[in-house]
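This report walks through a single chain, beginning with its enclosed spaces and ending with its overall build. Please keep the sequence and the model in view while reading.

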Amino acid sequence: MAQKLLQVLNDFSLGINETVSPNLIPNNALVDAENCILGKGFVKRRGGFVKYSNQLLQPIKTLYEYYKNDGSKEMLAVSDQKIYKDNNGILEVIPFNTITSLSSSQTKMITYKDRNINDVTLIADKGKLKVYNGTDVREVTPHTPVDNSSTGGGNELADPGTNDLSNLTNFRAITLNKYERVFAAAHPTVKNRVSFCHLDPTIGYAVYDYFPATHFFDLATIDNDEIVDLKLFRDAVIVFCKRSIWAIYGDGRTLNDYEIKKINVPDGCISSESIKEVGNNIFYLSNNHIYSLFSTDENFISAEIISHVKETGSNIEQTLKNISLADKEQAVGVFFESKYFLSFPSGLTLVFDTTLGCWTKYTNIKANSFLSRDGVLLFSSDSGYIYRFDENVFNDDGEPINFSLTLKNMDFGYPVNDKKFRRLWTIAQQYDVESSSFNVKAKIDYMERELTDISTDQSLVWGEGNWGEVHWGYKEVVQNSLRIRDKGKNIQLIISSNEIDQPLIIYGFVLQYKLKKAK
């Protein structure tokens, strides 16, 4: 008589693996996982999101947190070429001064200070440089160089010379170097030029209204490569281009004070909003992969593919291939609670858990911009709302969060032996108030079979249940037993739950089978 064997499945921590055949991946890897949070010993439905703000008439393209020197802060939102200030969920438009609108709703912002050491936010909106001073938004007035040599000051007319700010009419990327000097990609026609501002020795810090005409680098790019964004990383300003990446080290008044190095990476960046600090690294999206930029010492920076994790094997390479370049250009990212989120216009969001080193997928999140604020993750959308994630809400603004988990195709190490699949146990969380249910399907020799819908609501049930179990009183963790009674060489489990407003935590599965002799 064949022995009854048990296969325990309670570790899902390796995440999605799309490049290895479903029957060859490890037992704790997954063929697919949507709207799941994975762990060692559990998998659960992610929390949903709710409306945070009032609705604007046009899409909200950018969110930014403006931190002030006195410790206060403001959340800014950009929509319809206007900037709004958040007042506890009410978005109030900030008035303009001398201008009537931004050049674009696609903006980059950094917090800085003016010549009087007042807090300001600099705005790169694909036009001339703008500034928000806490009261209104205006175009930056270029500083006029003066000769102060007669009073013991310097002669700005001679050094550093002409202010070129009025000719920089396409501010599309902006950052600060480690010495808090402003660097920008702003030239209207030279797409590989990085300009930097003057450090005024009379006041002791850099000034954003003075970009000397000689203060720029033209990177030695090829094939008309163009700058996508600028970021400070370690001691360097990293210049992300579409097909290459560069590092600018140093600081000073002349080009000789700087060192420019081309970073040895396979590809550049396709989406500026994908570029995010993730721990000690920077993640970014290229045409084909997601990369992690890293540094082992001060002068060495390189990158490795993170969309296929070497250590765990988790990868979402096939999913990336199926996303159009147009959608990749609009991808937006954020790093929040040890996870890197990368969202696309369709609502598909790729999620990398840096603790486990694994990938999963979320749906429904059509984000234009993310913002981590006071321990809460927010995102803006084309709907004109700002949304707030809530781990205790199990719908996406009224829509179901469709949970789906596809396990390995299992042959238990005996690929040519027939097995008689007898029974499946599921172990899941029961909730005191909320209902919780899920569906189990099985593919036996690649033929799909519906097993049953399972409810974890088993309190005050007396007698023989649908799955051969007896329950009385409240249990926090419950198990159900399903009869399978089918045979084949391999089996794959597919778990789903499309119910709205239901939490779900599954702790594992136990599969019972009999192994037959190979024929």
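## Enclosed cavities

In this predicted model, the largest cavity has a volume of about 60 Å³, and it belongs to a set of 2 cavities of 30 Å³ or more that the structure holds. Its wall is made up of Cys36, Ile37, Leu38, Lys339, Val351, Asp353, Cys358, Thr360 and Tyr362. Three elements, namely strand 4 (36-39), strand 32 (349-353) and strand 33 (358-362), each contribute at least two residues to that lining. Sorted by class, the lining of the largest cavity comprises 6 nonpolar, 1 polar and 2 charged residues.

The second largest cavity, with a volume of about 40 Å³, is bounded by Asp164, Leu168, His187, Arg193, Ser195, Phe211, Pro212, Ala213, His215 and Phe216. Here the lining divides by class into 5 nonpolar, 3 polar and 2 charged residues.

## Thr360, a lining residue

Thr360, one of the residues that line the largest cavity, is placed in strand 33. Is Thr360 buried or exposed? Its relative accessibility is 5%, and because the threshold for burial is under 20%, Thr360 counts as buried.

When neighbours within four places in sequence are left aside, Thr360 is in contact with Ile16, Ala33, Cys36, Leu38, Thr349, Leu350 and Val351. Among these partners, Cys36, Leu38 and Val351 also appear in the lining of the largest cavity.

## Open pockets

The largest pocket holds about 1000 Å³ of space. It is lined by 30 residues, and those closest to its centre are Tyr64, Met109, Lys231, Ile275 and Lys276. At least two lining residues come from each of strand 7 (60-67), strand 12 (108-113), strand 16 (173-176), strand 22 (227-233), strand 26 (276-278), strand 30 (332-336) and strand 34, with strand 7 giving the largest share, 5 residues. By class, the lining of the largest pocket consists of 15 nonpolar, 8 polar and 7 charged residues.

For the second largest pocket the volume is about 790 Å³. Its lining numbers 28 residues, of which Gln106, Lys126, Ser272, Glu329 and Gln330 lie nearest its centre. The elements that supply two or more residues to this lining are strand 7 and strand 22, both of which also supply at least two residues to the lining of the largest pocket. The lining of the second largest pocket divides into 8 nonpolar, 10 polar and 10 charged residues.

## A four-stranded open sheet

Strand 34, which contributes to the lining of the largest pocket, also takes part in an open sheet of 4 strands, arranged in the order 6-36-35-34 with antiparallel pairing. Strand 6 (48-51) and strand 34 (369-373) stand at the edges of this sheet and have a single partner strand each, so one side of each is left without a neighbour in the sheet. From one strand to the next, the twist averages 30 degrees.

Strand 34 is joined to strand 35 (residues 376-380) by 5 bridges, and the two run antiparallel. Within this pairing, the bridge partner of Leu371 is Leu378 in strand 35.

## An enclosed strand

How many of the 8 residues of strand 39 (residues 437-444) are buried? The number is 6, so strand 39 is largely enclosed by the rest of the structure. Strand 39 pairs with strand 42 (residues 491-497) in the antiparallel sense over 6 bridges, and Val440 stands opposite Ile495 in strand 42.

## The loop at Asn28

Asn28 lies in the loop that runs between strand 2 (15-16) and strand 3 (29-34). Not counting residues up to four places away in sequence, Asn28 touches Asp11, Phe12, Ser13, Leu14 and Gly15. Between the C-alpha atoms of Asn28 and Asn364, which are 336 residues apart along the chain, the separation is 26 Å.

## The chain as a whole

The chain contains 2 helices and 43 strands, and its C-alpha trace spans about 105 × 50 × 35 Å along the principal axes. Of its 519 residues, 53% count as buried. Among the contacts in the chain with a separation of 6 or more, 60% are accounted for by residues 24 or more positions apart.

How values were computed. Residues numbered from 1 in each chain as written. Predicted model: local features only at pLDDT ≥ 70, side-chain atom pairs only at ≥ 80, totals over all residues. Heavy atoms only, no water. Pairing = 2+ DSSP bridges. Axes fitted to C-alpha atoms, helices over the stretch in contact; angles between N-to-C directions. Contact = heavy atoms within 4.5 Å. 1 Å grid on protein atoms, 1.4 Å probe; cavity = no way out; pocket = protein on both sides within 12 Å on 5 of 7 lines; lining within 4 Å. Points joined across faces, edges and corners; volume = space filled by probe spheres on them. Nonpolar A, V, L, I, M, F, W, Y, C, P; charged D, E, K, R; others polar. Buried < 20%, exposed > 50% of the residue type's maximum accessible area, 1.4 Å probe, protein only.
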